[in-house]
Every structure is written in structure tokens, then in C-alpha cells.
Amino acid sequence: MSSKEELLQKLHDTVVAFDEEGTKQAAEEIVSGGHDPLEAVMKGLAYGMETVGRLFKEQEYFVPEVLLCADALNAGMAVLKPHIPSSGEDNTLGRVVIGTIQGDVHDIGKNLVKLMLEVGGFTVHDLGNNVPYESFIEEQERTGAEIIGISAMLTTTMMGMKKVIEMAKKKNPRIAVMIGGAPVTPNVVKLFKADGYAQSASTVVAEAKRLMEAFCPAQ
Ligand code: B12
């Protein structure tokens, strides 16, 4: 029987090696060993994807390899997610509409943010990736969500966030918009006049709670 640390390392290594079967096995061992599945997502799968990002930057990996790594990560997620306390009736802290902006298909980070918000007690309405600007506004109106969360991973598509923020504020200045993704910095947040930001999924719940207090103090 492998230790928790060994399994976390195995999750990392198998994502990097795009060994889908290996990732699945390690995830199953996390579950059967009674280890924390959320920790396994963050410190195993997501950590593996960070390494993949570095290899992509160093041009050791190219798009096909990265896609296979994403497949391995998703295979691990499929095993772990059902064992993480998920959304339901008791998710009452607030409602979030989330999506990756138009023109952008990166959704791994957005999916992790969604997971953390659900685990943290929020109801999340996920629009997926490549989401047209207007869809964020329409879904907020349909669901009455207090927060819109937008993800962008490309410097080009990031500019669309500014448009969605302007559209949302024009409709209702009391809707909070939080943004995130690799190219988003605190300066961008200021420039785009976003209300919230999280550099990683580990701080997103605290940020969403802060926004709820600032924008919906009575609730
Ligand atoms: C995986 C990946 C892909 C996969 C995506 C698979 C998928 N289903 O997501 C594929 C292969 C499809 C891909 C394609 C492309 N990619 Co790509 N990709 C990556 C890579 C390697 C990893 C991204 C990732 O998943 N990271 C792991 C997750 C966990 O981290 P994260 O996404 O940053 O998310 C965290 C935070 O940012 C934050 N967060 C994210 N969203 C949100 C939202 C909110 C509301 C909040 C609060 C927080 C938050 O929390 C998350 C969790 O901790 C990055 C490299 C990198 N360093 O980011 C390049 C990268 C993003 N890609 C890049 C490029 C250029 C491309 C392509 C144009 C390549 C090409 N020539 O075709 C295409 C574009 C396709 C498109 N139109 O979208 C560049 C972007 C450069 C730029 N500055 O614009 C990067 C930075 C690589 C590089 N160094 O050049 N890519």
C-alpha cells in the first residue's frame, strides 16, 4: 500500500507522463486508502498540470502532449470528484455563474475554481468554455447569481473580460465580477475594474465570501 505522499507524487507524475491509466489507478488508491480526494486534486493533479505548463513553455511539450496530459488529469478527476462533498441543497453561501471567455478553450483552471466554490458552499452555474460575452449576462439574469466568474488564459481573450464587466455593471452595478487565469494580474484587475480576483483555486472561496459581504451585506 502506497503512502499518501507517494500517491500525490504518482498523480503528478502520471499527469506529466500523460499516463491516463496510471492516473486513474493512483486516484482509485487515494479513494480506497481513505485519503482526502480534494487534496489529491490540488496537490496531485493540478500540481502535475503546473509542471506541464512549464514543459510547454520550455518547448519540451507541444499542444498534442498537453492535450493528452489534460485527458489524464480529467480521468483522475472523474474518479476523485464523486468522493468530494459536492453541490446540493446546502450550498447556500451564494450563486456564481462561471465560464471561460469567448475565443478561449482552456478550462482546467476554471473547473478547479468551480470545484472549490462548490466544496466551499456556493452554487455554481457553469457555462463551459468559449462563452460568448452576452451569455454571462443572460445566465446571471436567469439564475439571479450574485457573482460572475470569468476565466481567461490568453492575453488576447483576456480583453473580453473588460467587455463583460462593463456589460454586467451597466445592467446592475450590484453584481460582483471576479476574474482569473494565468495572464490576470492585480494590475489587470484594477484596469478592468473587476471586483474580485484569485490567483489560484486555493483562495477563491475566501474571495467569493468577501464579495458576498461587500455586495450582499444583508444576506
Ligand atoms: C493546458 C493548456 C492548453 C490546453 C487546454 C486544455 C484545457 N481543456 O484546458 C490546449 C492544448 C487545448 C491549449 C491550447 C492553446 N494554448 Co494553452 N496552455 C495550457 C497550459 C500548458 C496549462 C494551463 C492549465 O491548465 N494550467 C493549470 C491550471 C490549474 O491553472 P490555471 O489555468 O492557471 O488556473 C488557475 C488560476 O489561473 C486561477 N483561475 C483560472 N481561472 C479562473 C477564474 C476565476 C474567476 C478565478 C477567480 C480564478 C481563476 O485558478 C486556477 C486554479 O488554481 C498553459 C501554460 C500555463 N502556464 O498556464 C498554456 C497557455 C495558457 N496556452 C497558451 C497558448 C498560446 C495556447 C494556444 C494558442 C496554442 C496553439 N498554438 O494553438 C492554444 C489556444 C487555444 C484557445 N483558443 O484557447 C499560452 C498563452 C500565452 C498568452 N499569454 O496568451 C500558455 C500560457 C502557454 C505559453 N507559455 O505559451 N493550451
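## Ligand shell

A residue counts as near the ligand if its C-beta atom, placed from the backbone, lies within 6 Å of it. In this predicted model, the shell around the ligand holds 36 residues, and those that come nearest are Gly53, Gly109, Gly149, Ser151 and Gly180. Two or more shell residues come from each of H3, H4, helix H5 (108–119), strand S3 (147–151) and strand S4 (176–180).

Helix H3 is the element that gives the most to this shell, with 6 residues. Sorted by class, the residues around the ligand comprise 22 nonpolar, 10 polar and 4 charged.

## Helix H1

Helix H1 consists of 13 residues and reaches 19 Å from its first C-alpha to its last, which is close to the 18 Å expected at 1.5 Å a residue. After H1 comes Phe18, with a positive phi near 40°.

The buried residues in H1 are Leu7, Leu8, Lys10, Leu11, His12, Thr14, Val15 and Val16. Their cover includes helix H2 (20–32), H3 and helix H4 (63–80). As general background, an α-helix has 3.6 residues a turn, so residues three or four places apart point the same way.

## Packing of H1 against H3

Two packed helices are described by the angle between their axes and the distance between the axes. For H1 (residues 4–16) and H3 (residues 37–57), the axes come within 8 Å and cross at roughly 35°. The crossing of H1 past H3 is right-handed.

On the H1 side, the contact is formed by Leu8, Leu11, His12, Val15 and Val16. Their partners in H3 are Ala40, Lys43, Gly44, Leu45, Tyr47, Gly48, Met49, Thr51 and Val52. By class, this contact of H1 with H3 contains 9 nonpolar, 4 polar and 1 charged residues. Leu8, Leu11, His12, Val15 and Val16 are also among the buried residues of H1.

## Surroundings of Ile165

Ile165 belongs to helix H7 (residues 155–171). Is Ile165 buried or exposed? Ile165 is classed as buried because 22 other C-beta atoms lie within 10 Å, and the cut-off for a buried residue is 20 or more.

Leaving aside neighbours within four places in sequence, Ile165 is in contact with Val177, Phe192, Lys193 and Ala194. Ile165 and Tyr133 are separated by 32 residues in sequence, and their C-alpha atoms are 9.4 Å apart in space.

Terms used: Residues numbered from 1 in each chain as written. Predicted model: local features only at pLDDT ≥ 70, side-chain atom pairs only at ≥ 80, totals over all residues. Axes fitted to C-alpha atoms, helices over the stretch in contact; angles between N-to-C directions. Helix = DSSP H or I, 4+ residues; strand = E, 2+ residues; numbered from the N terminus. Left-handed = near helix turned anticlockwise from the far one by under 90°. Contact = placed C-beta atoms within 7 Å. Nonpolar A, V, L, I, M, F, W, Y, C, P; charged D, E, K, R; others polar. Expected span 1.5 Å × (residues − 1). Buried ≥ 20, exposed ≤ 12 C-beta atoms within 10 Å, placed from the backbone.
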